[in-house]
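Me: Hi! I've just opened this one and could use a friendly tour. Can we go through it piece by piece?

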Amino acid sequence: MKPEGGARTDSGDPGGFLRRVEETARRWRMDLRRPLALVSGGPDSVALLRALCDLGAEPVVLHVDHGLRGAESEGDAAFVGALARALGLDCEVRTVRSDLSRGANLQERAREERYAIAREVARERGLRTLATGHTSDDVAETTLMNLARGSGLRGLAGIPPLRREGELAVVRPLIGTTRAEVLAYLAALGQGFRTDSTNALPKYARNRLRHEVLPALESLYPGASRNVARTSGLLRRDLEVVEGLAERAVEGRADEVVVLPERLAHPGLLGHALRLAHARAAPESDPLPSGRVEEILAKLESREGTVTLDLPDGLLCAVRFGREVAFYRRRAAKAGESVALEAGGEFHFEGWKIAVEERETFDRRDAARPEVAYLDAGAGPYRVRRVEEADTIQPLGLGGTKKVFKALMDRKVPADKRSRTPVVVGGDGRVAWIFLGETGEPFAVGERTGRVLRLEVREASGGRL
Ligand SMILES: Nc1ncnc2c1ncn2[C@@H]1O[C@H](COP(=O)(O)OP(=O)(O)OP(=O)(O)O)[C@@H](O)[C@H]1O
């Protein structure tokens with residue numbers, strides 16, 4: 001888009017740089033009227049800032065000082081502040097002093113912190129666009145790095161020119177320009193910039209790719225960097241198509257998200273659907289690693305019944321061969337917490353799903369299914385909760401009562417699972433059914449039963465207690 005309202009402050013358009021930025025903005029419908037510009041002080045983000053101003057935008061400048069390079073970091077912050085002042089722009093410098101010095105992947109953590117701050121500043125100031133200075137060289141580097149690591153379509157689709165995060169849009173107006181064009185533009189403006197001394201350090205893979213690999217590729221295939229970025233753009237389009245198709249196979253939100261594989265015409269789509277489903281079930285956590293996706297796909301193909309995978313962040317993934325893949329949230333019930341069970345509903349309790357139906361009679365096919373219980377509806381209302389120490393049950397036809405824990409021991413339920421076993425309790429608070437096991441005599445279906453409730457439970461882990 002062409003930002004409205006401002007006049008160009010440029011000295012012409014050296015090398016057609018601004019025209020390319022404008023084209024990118026128009027193509028991706030970027031709203032550049034009042035963006036929050038992330039400016040490190042390096043050439044790319046300084047060019048971003050100058051280009052935004054030259055295109056008539058009124059950016060607010062944000063510089064994040066991670067304090068990682070001592071006096072050099074302070075110099076960067078001072079430089080960005082002075083540049084913003086010279087351009088008459090509002091500028092915010094945020095200093096982060098969290099300990100980034102230890103542990104792996106320093107750059108990644110610094111980036112996460114930076115974006116978190118940027119979102120916060122944008123929210124505080126009511127800005128809806130975050131602009132960064134990524135160029136097509138960044139796209140080429142990211143794509144090649146991911147290719148070398150064995151990434152799939154998503155990794156090869158590199159850096160998106162525009163990403164929406166709810167109200168906020170993260171935009172990269174320089175993505176259609178190269179680093180060389182950035183430098184030429186700055187030189188024509190006589191605009192200085194800061195040089196990050198760590199950019200030359202060979203210990204960072206990206207630096208070596210930039211200084212050794214890409215020049216070698218360029219000498220073999222002139223224009224290689226731009227071409228790789230172009231490929232990445234083409235793959236991004238394919239990714240959007242594939243994800244759009246995969247989306248149709250994913251149902252539900254948060255507590256239980258299900259993927260229905262039969263709706264997917266091609267197994268290749270299933271992997272994308274799995275990632276989407278996982279992201280929906282656990283929006284805060286990291287994307288499902290490709291190894292896990294492969295594992296789930298292999299389980300689906302093996303057709304061996306229901307299998308469960310423990311995922312990070314308390315998620316369980318149940319694979320029911322041929323039929324569906326479900327992501328459940330494992331949530332431990334609080335002490336005394338219970339869920340009311342009513343006819344015609346489906347209820348969640350911890351990692352379980354309980355379907356309750358009203359029936360006329362007992363269905364013989366259920367006789368050998370421990371996951372199904374028939375109860376006298378008249379002895380309800382029923383609730384489900386975790387077993388408690390004092391719980392007793394009056395087993396069918398045996399007379400007398402028995403501790404539920406003892407019943408579980410007799411059933412050889414391992415000690416760690418016994419205390420997590422759910423029980424259904426009847427209207428008088430006594431145990432009516434121990435999941436996958438005994439029914440309490442007073443709640444059983446008999447001659448005088450009127451309405452019958454049929455309970456069917458499914459455990460996310462799919463196994464027996
Ligand atoms: N300290 C900083 N303060 C504000 N913005 C920054 C800072 N560092 C980087 N940026 C923004 O991020 C863009 C990309 O910079 P750089 O490639 O160094 O960081 P990155 O976020 O780690 O990048 P990538 O996502 O490509 O790994 C810059 O053009 C700039 O817009």
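Me: Which residues in helix 5 meet which residues in helix 8?
Reply: Happy to help, and keep in mind that this is a predicted model. From helix 5, A140, E141, L144 and M145 take part, and they meet A205, R206, L209, R210, V213 and L214 of helix 8.

Me: What classes of residue are in that contact of helix 5 with helix 8?
Reply: There are seven nonpolar and three charged residues, with no polar ones.

Me: And at what angle do the two helix axes cross?
Reply: Helix 5 (residues 136-148) and helix 8 (residues 205-220) have axes that cross at roughly 105 degrees and come within 10 Å. Angles of 65 to 115 degrees count as roughly perpendicular, so that is the word for helix 5 and helix 8.

Me: Switching to the ligand: which residues come nearest?
Reply: L38, S40, V64, T132 and G133 do, out of 16 residues around the ligand. Helix 2 (43-54), strand 2 (60-65), helix 4 (106-125) and helix 5 each give two or more residues to that shell.

Me: How does the shell divide into nonpolar, polar and charged?
Reply: Four residues are nonpolar, eight are polar and four are charged.

Me: What about sheets? What's the strand order in the open one with five strands?
Reply: The order is 7-8-11-10-9, and the pairing is antiparallel. Strand 7 (250-251) and strand 9 (306-311) are the edge strands, each pairing on one side only.

Me: How many bridges link strand 7 and strand 8?
Reply: Two bridges, in the antiparallel sense, with strand 8 covering residues 256-259. In one of the pairs, V250 has V259 in strand 8 as its bridge partner.

Me: Which helix packs on that sheet?
Reply: Helix 11 (residues 290-302) does, touching strand 9, strand 10 (315-320) and strand 11 (324-329). The direction of helix 11 makes about 170 degrees with that of strand 9.

Me: Now the backbone oddities. Where is the cis peptide bond?
Reply: It joins G380 and P381, with omega about 0 degrees. P381 sits in the loop between strand 15 (372-376) and strand 16 (382-386).

Me: What is phi for R29, and is R29 buried or exposed?
Reply: Phi is positive, about 50 degrees, although R29 is not a glycine. R29 lies in the loop between helix 1 (17-27) and strand 1 (36-38). A residue with 12 or fewer other C-beta atoms within 10 Å counts as exposed, and R29 has 10, so R29 is exposed.

Me: And where is K412?
Reply: K412 is in the loop between helix 12 (404-410) and helix 13 (415-418). Its phi is also positive, near 65 degrees, and K412 counts as exposed with 7 C-beta neighbours inside 10 Å.

Notes. Residues numbered from 1 in each chain as written. Predicted model: local features only at pLDDT ≥ 70, side-chain atom pairs only at ≥ 80, totals over all residues. Axes fitted to C-alpha atoms, helices over the stretch in contact; angles between N-to-C directions. Helix = DSSP H or I, 4+ residues; strand = E, 2+ residues; numbered from the N terminus. Parallel < 35°, antiparallel > 145°, perpendicular 65-115°, else oblique. Contact = placed C-beta atoms within 7 Å. Nonpolar A, V, L, I, M, F, W, Y, C, P; charged D, E, K, R; others polar. Near = placed C-beta within 6 Å. Pairing = 2+ DSSP bridges. Buried ≥ 20, exposed ≤ 12 C-beta atoms within 10 Å, placed from the backbone.
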